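Student: I would like a close look at a single part of this model, with its surroundings worked in. Could you take me through one strand and what lies around it?

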Amino acid sequence: MAETSIRFVTPNEDLLRRVEETEVDDPLAGADYISRIVHGDYLYAPLQPNSENRFTPETIDQNRTTNCYGFTVILSELLSLREIPHYVAFANTHAFVIATDQEKARLIDAQAPYLNASIDYRDSDEFDSARLSVATIGGHAALKLFSNDLLAAAGNYAGDDRIRRHEWLSFAPDDPASRFRSDDQRELDHTLMTTIVEPETGRQMLNNLAIFMQSYCCDLDLAHKSVVAMREIFPEVDRRNIAGGWLPVETYLRRMSGREMSAFLIGVEALSQSFTNVSSDISLAVWGADRVRRAGSRTGDADLVEKSIEMYDQVLIDQEERTDFVDKRRAKAERILCGLAKN
């Protein structure tokens, strides 16, 4: 057995024993089988903010319930224990595992193992999708995952029913008019920005994310600590995920900007760094400067607005060519600064 960090599995000695006895001659088949063992030992329960059921090994073992973060952390620990190559992955609020074997890869979802399926990545101008090994560059990478392909590969279930049960699989609007969307728009709806990281990093990422999601609206100090801990990698990089990903972040920053500006700037910097680590999306590059500009405008703090201008200038330096997208935001900050100087 490999030496690995085992925290969430340790309380469940029976699960650990059964997995240790599992034959894993075929890594992908072994990962699939172990995910079904994990699925049989725990029930799904959503992660509730301000809940006494904290995301800890003891609470999960006691209740035998967890969300996709817990299913994925437990599965990843067990796969590492059995030396099955894999990554921890995150797409549109959902965590899962990508098991690998040479040039093959398989999505492994312990929360819903009937979604387990062989996967492939399509070529993209923005992401090197030729091999999963790009995830080893800096320890993380963002790729595009096509959920329609996953549904077809998994088979045996009607796609529409599965999407309704697993909303993370699609960004398609849940209304009758969506059937009139173009083929290109439908493909975009099913294109998921997926963050993949090395197992140990991924498990810690999900642990910190769980802490953040349970504390951002009730324990600002704890939420801030978890954000700083995610400085290298915050998993949600898809701007379409408003309610499940970006709304908690915006809530945290609004509360922090009203309390302590230095901590607010640390939080913005940590999140901005994590976004640029995994994505070249220009909207994510200016995300931090936008938040600082808005906070300065809202509070009348000229220093914050000046800070946002410096951040926009840095984005322009980092870009290979000048872009109106950034210039317009910088000009808006300058207008706000002029307005504050007149008051």
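In E8, which residue is the bridge partner of valine 88?

Tutor: Happy to. The bridge partner of valine 88 in E8 is valine 197. Please keep in mind that this is a predicted model, with a chain average pLDDT of 82 and 85% of the residues scoring at least 70.

Let's start with the strand itself. E3 covers residues 86-91, and 6 of its 6 residues are buried. His86, Val88 and Phe90 point one way from the strand, while Tyr87, Ala89 and Ala91 point the other way. In a regular strand, side chains alternate between the two faces of the sheet. In E3, the residues pointing either way are all buried.

Now for the partners. E3 runs antiparallel to strand E8 (residues 191-197), and 4 bridges join the two. Strand E4 (residues 94-101) is also antiparallel to E3, with 6 bridges between them. One of the pairings with E4 puts alanine 91 opposite histidine 94 as its bridge partner. E3 and E4 form a hairpin with 2 residues between them, and in that turn asparagine 92 has a positive phi of about 50°.

The next step is to see what packs around these strands. Nonpolar side chains tend to be buried together in soluble globular proteins. The largest nonpolar core here has 63 residues, and Tyr69 and Tyr252 have the most contacts inside it. Helix H4 gives the most to this core, with 9 residues. A second, separate core of 18 residues includes Tyr87, Ala89, Leu151 and Ile196. Tyr87 and Ala89 are on the E3 side that also carries Ala91.

Tyrosine 69 links this picture back to the strand. Beyond its neighbours within four places in sequence, tyrosine 69 contacts Phe90, along with Thr93, Ala95, Leu47, Phe55, Leu206, Leu209, Ala210 and Met213. Phe90 points the way that His86 and Val88 do.

Helix H4 (residues 68-81) deserves a moment too, as it has the highest mean pLDDT among the elements of the chain, at 96. Phenylalanine 71 is in H4, and it counts as buried because its relative accessibility is 2%, below the 20% cut-off. Leaving out residues up to four places away in sequence, phenylalanine 71 touches Val38, His39, Tyr42, Leu43, Tyr44, Thr66, Ala110 and Gln111. Its C-alpha lies 8.3 Å from that of alanine 95, a residue 24 places away in sequence. Cysteine 68 is buried as well, because its relative accessible area is 7%.

Finally, some context from the whole chain. It has 15 helices and 8 strands, and 52% of its 343 residues count as buried. Among contacts between residues at least 6 apart in sequence, 66% join residues at least 24 apart. Confidence does vary along the chain: helix H6 (residues 159-165) has the lowest mean pLDDT among the elements, at 59. Over residues 122-139 pLDDT stays under 50, and the model has 39 contacts beyond four places in sequence for that stretch.

Terms used
Residues numbered from 1 in each chain as written. Predicted model: local features only at pLDDT ≥ 70, side-chain atom pairs only at ≥ 80, totals over all residues. Heavy atoms only, no water. Buried < 20%, exposed > 50% of the residue type's maximum accessible area, 1.4 Å probe, protein only. Pairing = 2+ DSSP bridges. pLDDT = per-residue confidence, 0-100. Contact = heavy atoms within 4.5 Å. Core = buried A, V, L, I, M, F, W, Y, C linked by side-chain atoms within 4.5 Å.
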